[in-house]
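I opened the model to look up how its strands pair and how its helices sit against them. My entries follow.

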Amino acid sequence: MPPHREKKGGSTMGEVVTREYTINMHKRLHGIGFKYRAPRAVKEIKKFAEKQMGTKDVRIDTRLNKAIWAQGVRGVPFRMRIRLARLRNEDEDSVHKLYTLVTHVLIVKGGFKGLQTENVETSTE
């Protein structure tokens, strides 16, 4: 019988981390009627953040919301660069220990070529 190995340190879902992603809104909104595009974009970003960060509690920054709605309900940008930050919940009586804050990263138009998912160093206060 082989010797028992040390157990690896569980899941990394418990740690605080910040990453930048480029999300293709165009493919996520294909076939959605004009009047439902911006609201669906918000839902799709929340779904994406929930999947990537593994937290049920996802909060969208007001600047990201403004960026989604900037060209109206039907003119959602084809691609968006977003920063997902998994943070500790300060609210003591909350069910979830961690939440995800989604913020907008400003990229010049057409500047998405070659961008990849990046870990962002967070300053510890």
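**Sheet and helix packing**

I began with a pair of strands in this predicted model: E2 and E4 run parallel to each other and are joined by three bridges. I looked up one residue in E2 (58-60): valine 58 has threonine 100 in E4 as its bridge partner.

Next I checked which helices pack on the sheet. H2 does, with contacts to strand E1 (17-24), E2, E3 and E4. I noted an angle of about 50° between the directions of H2 and E3. H3 packs on the sheet as well, touching E2, E3 and E4. The direction of H3 makes about 45° with that of E4.

I then traced the whole sheet. It is open, has five strands in the order E2-E4-E3-E1-E5, and its pairing is mixed. Which are the edge strands? They are E2 and strand E5 (118-119), each of which pairs on one side only.

I went back to H3, which spans residues 62-69. Which of its residues are buried? I found Leu64, Ala67 and Ile68. Viewed down the axis of H3, these buried residues fall within an arc of 100°, so they line one face of the helix. For the spacing I kept a general point in mind: an α-helix has 3.6 residues a turn, so residues three or four places apart point the same way.

I also listed what the buried residues of H3 pack against: helix H2 (37-53), E2, strand E3 (79-88) and strand E4 (98-104). On the other side of H3, I recorded Thr62, Arg63 and Lys66 as exposed.

Conventions
Residues are numbered from 1 along each chain as its sequence is written. This is a predicted model: local features need pLDDT of at least 70, side-chain atom pairs count only at pLDDT 80 or more; totals for chains, interfaces and linings use all residues. Side-chain values use heavy atoms; hydrogens and water are left out. Buried means under 20% relative accessible area, exposed over 50%, partly exposed in between (1.4 Å probe, protein chains only). Helices (H or I, at least four residues) and strands (E, at least two) are DSSP runs, numbered from the N terminus. The arc is that of the directions from the helix axis to the C-beta atoms. Contact means heavy atoms within 4.5 Å. Two strands pair if DSSP finds at least two bridges between them. Axes are lines fitted to C-alpha atoms, for helices over the stretch in contact, and angles run from 0 to 180 degrees between N-to-C directions.
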